[in-house]
Amino acid sequence: MKKNTSKNMLKRLLILSVVIIFLLCTNAARVFYLQVVRGEELAQKADLQQLKDTEITAMRGAIYDSEGNVLAQSATVWNIYIDPLAIDLEITEDDTAEKVAEKKAKSEKRRTLIVDKFSELFKYDEKEKEEFLEKTKQENHYTVVEKKVENNIKEKLSEFISENRLNCIGMEQTSKRYYPYGSLASSVIGFTGADDQGLSGIEAFYDETLTGTNGRVITAKDAVSNDISDDYETSVEATDGNSVVLTINQTIQYYLEKGLRQTLEEYQAKGAYGVVMNCKTGAVLGMSSLPDYDCNDPYKITYSKTKKEIKKIKGKENKQKAESAAVQNQWRNFTINDTYVPGSVFKTFIASAALEENVATINTTYNCTGSIKVKGWDRPMKCHYHPGHGTQTFAQGLENSCNPFFITVGQKLGVHNYFKYFDAFGFTQITGIDLPGEASPQYYPEEKYSLVELSSASMGQTNSLSPIQVCTGISAIANGGKLVQPYLVSSVLDSEGKTVKKTEPKVVRQVISSETAATVRQMMKGVVDNGTGKNGYVAGYSVGGKTGTSTKLGESKEGEGDKYIVSFAAIAPSDNPELAMIIIVDEPNQDLGGGALCAPIASEVIEEAMSVLGVEPKYDEDEIKNLSKYAPNVVGKSLEEAKKEISEYSLKCVVVGKGDKVVRQCPTSAGTIPSGGTIFVYTDETPKKMTKVPYFKGLTVSEAKSLAKTNHLNIEISGNNISSGSIVASRQSEEKDTSVEQGTVITVTFKSTESVLD
């Protein structure tokens with residue numbers, strides 16, 4: 001009996017041991033599975049439940065112009081999130097049915113309060129309000145409902161949260177990009193996307209430099225997801241991005257864009273583009289590509305012509321495609337991203353090569369009959385002046401932009417020498433400027449040239465170059481023959497404003513001798529003084545230039561006629577240049593050349609740029625006679641004293657009132673008045689004498705002066721030299737019919753009526 005009992009006990013113990021061992025092994029396997037196999041996954045889940053990880057957005061670096069003006073900067077804004085599960089009051093097992101109903105009612109009241117406040121602050125329509133309501137019912141602890149909220153809205157929301165003791169609404173600091181000047185230099189600056197990543201221009205090219213390193217705050221949470229004491233908080237500070245200082249000068253940029261925009265709108269052109277460079281260093285002082293955009297709203301179409309064309313398109317899908325294409329087009333920086341046939345501007349480089357290789361001198365002559373026969377081409381190559389220029393020197397050939405002359409010079413130069421200088425001026429490769437998407441030149445390699453291609457290339461056809469390449473080549477002529485690399489960022493600053501990197505000007509190579517460069521500059525001055533570029537004239541400064549026209553082959557529709565792209569290259573002052581420039585107008589609605597459309601823009605930019613660069617004017621005798629001067633201050637003086645002083649300034653005086661002492665004058669001493677102008681002086685409190693500004697456009701100088709006098713206005717003449725032939729008014733400082741005080745000075749810009757498609 002005892003023996004059987006012992007056996008049964010042993011059997012039970014054995015079974016119990018097996019069960020225990022099995023359970024231990026099962027638990028061990030479970031522990032292994034949870035800690036090893038799923039350990040990392042479960043640890044992350046635990047962290048999400050127990051820790052709150054908030055990212056602190058680093059500030060993107062600023063973009064400054066050369067004078068320290070802020071062109072782009074980031075500011076603190078806020079992302080707003082809600083905790084939908086925290087909106088509803090917690091219901092426990094101990095709650096009675098009455099208590100549950102009470103809590104649900106309070107929860108709905110909170111929800112309605114929140115929805116109504118958000119609708120008020122963020123101007124929700126009914127659909128947006130309904131969508132927000134659905135978000136408040138989601139089964140999660142975190143839903144972002146508004147991004148990049150301005151501080152004024154954030155403050156109102158904070159006050160609302162505090163007043164109603166809401167722990168279900170939170171705010172996370174982030175940043176937003178602002179562009180204080182809107183569209184100014186937009187084709188250079190670019191813009192950022194929703195994630196603050198640079199998408200265009202400097203923003204894209206220097207994205208890594210401008211982008212900082214985000215920080216984070218990790219906070220412990222309790223069982224109901226409320227933050228625990230700061231003792232459990234860990235933070236890593238954000239590191240702001242570096243800032244960049246551009247070579248762009250705000251004043252030069254403004255006048256460049258102003259001139260391009262006026263011409264774009266007036267002639268309903270496809271585009272208008274310009275580059276202004278410090279010819280000695282390669283620093284870009286101004287760059288614009290129109291139509292452009294507002295960096296704060298880059299998806300909005302800005303050009304009136306484009307908007308009108310899209311409005312006429314039928315069909316929603318077609319209209320959307322056109323809108324998308326228009327937006328993409330205004331983002332493109334033509335001066336960098338595209339190429340064009342430079343036309344007669346290229347003749348400056350042919351002249352440089354010919355003089356350097358002793359193929360021609362400035363006094364070499366040629367008899368232009370209006371065309372030239374080139375072997376291998378079935379018809380004569382024509383000069384833009386069909387009757388022919390007759391016998392002229394090489395300098396006059398450039399002034400007249402004579403095609404047969406330059407074809408002859410190119411043929412004497414030969415393919416090898418031609419291509420040697422084509423390559424030396426940098427036209428076989430990109431410039432390496434610090435902007436994205438620089439277009440490669442489209443050109444014939446040396447072995448592909450026949451006499452026909454050489455002849456065509458010698459007058460600026462055949463090859464396609466980017467505007468930045470052409471401007472860089474013109475800079476080499478301006479600076480004594482050195483090809484310099486263009487650049488836009490002069491320095492990089494850290495978050496404390498200390499310089500961490502500085503751009504040093506880079507000379508790529510010596511292209512031509514300084515003597516050759518000086519001779520070509522002299523020839524370019526003749527283009528402005530005597531030739532097709534008269535509208536590039538600036539009083540007090542010697543300007544060199546070259547006009548250009550190229551036909552856009554294959555782009556004209558039947559019955560439309562040819563489409564043109566016209567241009568003007570300039571250097572100033574021509575005797576010791578500080579800057580080089582290229583101005584381009586693409587497909588104007590009138591057959592006018594670069595001398596008529598582009599040179600006036602260059603003239604205005606040069607006048608302003610010389611002042612910015614501190615280059616003093618040197619006036620000749622004729623210019624001195626027409627100079628404006630500051631009006632004398634005669635306020636407070638007796639009428640007799642005032643008349644005497646005004647007379648000593650060689651000015652006229654008109655008296656308004658019956659007093660014997662001057663109480664007011666127009667123009668004031670703070671403004672300038674042209675030589676021989678009239679000052680209106682008031683001797684009592686007689687109301688200001690007003691007049692309407694007449695329409696001066698199209699008038700000659702004498703006609704404009706007469707009209708201004710009739711309307712009791714002073715007129716200041718700007719633009720083309722009045723001694724250089726037939727000129728007419730093209731722009732005026734005050735719009736027609738504007739009401740102004742009698743004696744006001746109206747600046748009227750004149751340009752030559754001669755227009756050459758060269």
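Here is a chat between a reader and an author about the structure above.

Reader: What kind of model is this, and how are its residues numbered?

Author: This is a predicted model, in which local features need pLDDT of at least 70, side-chain atom pairs count only at pLDDT 80 or more, and totals for chains, interfaces and linings use all residues. Residues are numbered from 1 along each chain as its sequence is written, and side-chain values use heavy atoms, leaving out hydrogens and water.

Reader: Why is the protein chain called more spread out than a compact globule?

Author: We take the radius of gyration over C-alpha atoms and set it against the globule rule, which is 2.2 Å times the number of residues to the power 0.38. For 758 residues the rule gives 27 Å, but the protein chain has 37 Å, well over that, so it is more spread out than a compact globule. Along its principal axes, the C-alpha trace spans about 145 × 85 × 55 Å.

Reader: What is the chain built from?

Author: It has 25 helices and 31 strands. Both are DSSP runs numbered from the N terminus: helices are H or I with at least four residues, strands are E with at least two.

Reader: Why is Lys-103 called buried?

Author: Buried means under 20% relative accessible area, exposed means over 50%, and partly exposed is in between (1.4 Å probe, protein chains only). Lys-103 has 16%, so it counts as buried. This lysine lies in helix α4 (residues 97-122). Leaving out residues up to four places away in sequence, Lys-103 touches Leu-89, Glu-90, Ile-91 and Asp-95; contact here means heavy atoms within 4.5 Å.

Reader: And what makes Val-701 buried?

Author: Its relative accessibility is 14%, so Val-701 is buried too. Val-701 sits in helix α25 (residues 701-710). Its C-alpha atom is 7.9 Å from that of Phe-750, although the two are 49 residues apart along the chain.

Reader: Is His-712 buried or exposed?

Author: Neither, really: at 39% relative accessible area, His-712 is partly exposed. You'll find His-712 in the loop between α25 and β28 (714-719). Its phi is near 60°, a positive value in a residue other than glycine.

Reader: What makes Gln-268 partly exposed?

Author: Its relative accessible area is 23%, so Gln-268 lands in the partly exposed class. Gln-268 also has a positive phi, about 45°, although it is not a glycine. Look for Gln-268 in the loop between α10 (250-266) and β9 (271-278).

Reader: What makes a set of residues a nonpolar core?

Author: The members must be buried Ala, Val, Leu, Ile, Met, Phe, Trp, Tyr or Cys residues, joined through side-chain atoms within 4.5 Å. The largest such core here has 96 residues, and Ile-202, Met-287, Phe-394 and Tyr-418 have the most contacts inside it. Helix α19 (residues 467-478) gives the most to this core, with seven residues. A second, separate core has 37 residues, including Val-528 and Phe-568. In soluble globular proteins, nonpolar side chains tend to be buried together.

Reader: Which residues does Ile-202 contact?

Author: Setting aside neighbours within four places in sequence, the contacts of Ile-202 include Ile-63, Val-188, Leu-246, Asp-434 and Val-489.

Reader: Where are the cis peptide bonds you'd point out?

Author: One runs from Leu-290 to Pro-291, with omega near 5°, and Pro-291 lies in the loop between β10 (284-290) and α11 (304-312). Another joins Cys-666 and Pro-667, with omega about 0°.
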